[in-house]
Amino acid sequence: MNHGLRRGTQHLTKQCCKRLFSHSPTKRYASDIVKKEWSTPLAKILADAIRTTGPISIAAYMRQVLTNPDAGYYTTPSSQSKTEVFGKKGDFITSPEITQIFGELVGIWTVTEWMAQGMPKEGVELIEVGPGKGTLMDDILRTLRNFKTFSKSIENIYLVEASAPLREVQKNLLCGPDAVLEEIDIGYRGINKHTGAPIVWVEDIRLLPYNDKMPFIFAHEFFDALPIHAFECIQPTESEEKQQPKQIMTPTGPLDLDHTNQRNTKNRPTGPQWRELMVALNSKSVVENIKDEPEFQLSRAKISTPNSLLLPEISERYKALKSQPGSVIEVSPESRIYVADFARRIGGYAPPSEPRLPKRKPGEVAKQVSPGDIPTAPIQKKHPSGAALILDYGTTSTVPINSLRGIRQHATTSPFAYPGQVDVSADVDFTSLAEAALEASEGVEVHGPVDQAEFLHSLGIAERAEQLLSKLPADKEEKRKMLQTAWKRLVDKGPNGMGKLYKALVIVPENGGRRRPVGFGGGVVG
Ligand code: SAH
């Protein structure tokens, strides 16, 4: 990942920045900022950046607060062990941490897919993105030991992890506390204690080899941590129109706004336009010094930016909302890139003989940019194979809005307070993930999303819980109660449970919809 703050702001010219925001920096801000006591070291770094170049996108803010190498929520080596981020003592708890049954069932699910895809004796790869404490992968691998032919077929285990402290936690669990990782060109390498298979850690999935293996990819509560952009649709007034510059700078050169169909020939506003919601300084905290006010707040850009011109064009779903001033959309291009990568590893990818990005005249805006348009090397597969299982919370048919949130010590808090010490996340747009996967590879199909409860019930969560409970000695009443509460929480469809809130989506090889994976309406095949 690129952690540079500049990535979110570099395309804005200085002149553009000055006019762009209602909360643009003033001399008053500058002197007050010097005196301010910041909630975290990262708050000061972000404030200085915003003061210098203007407000930053939510995506740039999320990247910094979550994965800044020195001060990010996941990446900071804290005095408190990183294991404390998750679990009862930490800020939040995830399904694999609640009970071992979750990982065991994901392991069983993987076996059912492997069986349905011909049970190959070699060439299987397991890939997990955002493995946290490594518990899910550990429970999967422990379960796979019971399926000897399958576990022998695993050639590589890949873990995609941006956090060095969490990589260490994962290594301790999966390879043993005494294991020393070998540094290799793409990351680090160790050996799994359960299966003897090599485990390779990388920071970005694009570093992993593209090949003709059978990849099983797991993403549990990963996509909610990926950066989003938010846009609000407005009907500009004539005076706002006048403030709009004729040209703005984009990473690929100057962009002439008259070519974007935003104005008609008489230079009058033609219709609603998207404006990006940016992260700006909150004067109540920064100038008035009001206690408990977050240091940052959202501020709507006054004029179009390259992001607001391009990103809402990538899907018909966003275009449909453009006719309604006041609508807000959240878009995560990084999530689409990740899911497109999954799809191509499973379904293969043949780049079109004609470049998909049509040649543009200077100053003309691209009509549509999606992961499918980004030139990528071919991924040759004899047959599509493998699967990607995505488990997360989010919307199933609607586009997420206002979903950016902060979580600290199991409570919701402002995402703009204590940057780097609060977990910041957003709802996952499952339809957008499905759309990007299907666009990226012709060799895949997508099933779901289904409720987590449905997925886990069809894999036999109640039966497995019963089996574990029957093995507990009679005097272990406390343990019995904990296990009962734990598994029921995973499938509870009420407001405090995880059964309905969390969803499962799967990408599998294209088969004309004839075979449904287990958990998505299908049965065990093989
Ligand atoms: N899957 C785990 C952890 C979820 S928290 C569980 O459910 O318990 C999110 C995980 O994704 C953490 O491991 C975090 O370090 C990692 N992560 C967050 N952003 C990332 C990024 N951009 N690239 C790679 N890993 C990331």
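Which residue lies over the face of Y349, and at what distance from the ring centre? In this predicted model, that residue is R344, placed 3.9 Å from the centre of the Y349 ring.

## Charges over rings

Besides R344, which lies over the face of Y349, a second arginine is arranged over an aromatic residue: the charged end of R408 sits over the ring of Y418, at 4.6 Å from its centre.

## Aromatic pairs

The structure holds 12 aromatic pairs. In one of them, F455 and F520, the ring centres are 5.6 Å apart and the planes meet at 55°, so the pair counts as tilted, an angle of over 60 degrees being required for edge-to-face and one under 30 degrees for stacked. This pair links distant parts of the chain, since F455 belongs to helix 17 (residues 452-458) while F520 lies in the segment after strand 20 (502-509), 65 residues apart. Both F455 and F520 are buried.

Elsewhere, ring pairs join F222, F223, Y338 and F342 into a cluster.

## Surroundings of the ligand

The ligand is surrounded by 16 residues, of which the closest are T94, G130, G132, E161 and H220. By character, the residues of this shell divide into 8 nonpolar, 6 polar and 2 charged.

Oxygen atoms of the ligand are approached both by side chains and by backbone: a polar side-chain atom of E161 lies 2.5 Å from a ligand oxygen, a polar side-chain atom of T94 lies 2.6 Å from a ligand oxygen, and a backbone N or O atom of G132 lies 3.0 Å from a ligand oxygen. The protein covers 98% of the 570 Å² of accessible area that the ligand has on its own.

Methods
Residues numbered from 1 in each chain as written. Predicted model: local features only at pLDDT ≥ 70, side-chain atom pairs only at ≥ 80, totals over all residues. Heavy atoms only, no water. Near = heavy atom within 4 Å. Polar contact = N/O pair within 3.5 Å; in protein donor to acceptor, adjacent residues only side chain to side chain. Areas by Shrake-Rupley, 256 points an atom, 1.4 Å probe, with all protein chains shown as cover. Nonpolar A, V, L, I, M, F, W, Y, C, P; charged D, E, K, R; others polar. Phe/Tyr/Trp six-rings, centres within 6.5 Å; stacked < 30°, edge-to-face > 60°. Helix = DSSP H or I, 4+ residues; strand = E, 2+ residues; numbered from the N terminus. Buried < 20%, exposed > 50% of the residue type's maximum accessible area, 1.4 Å probe, protein only. Lys NZ or Arg CZ within 6 Å of the ring centre and 35° of its normal.
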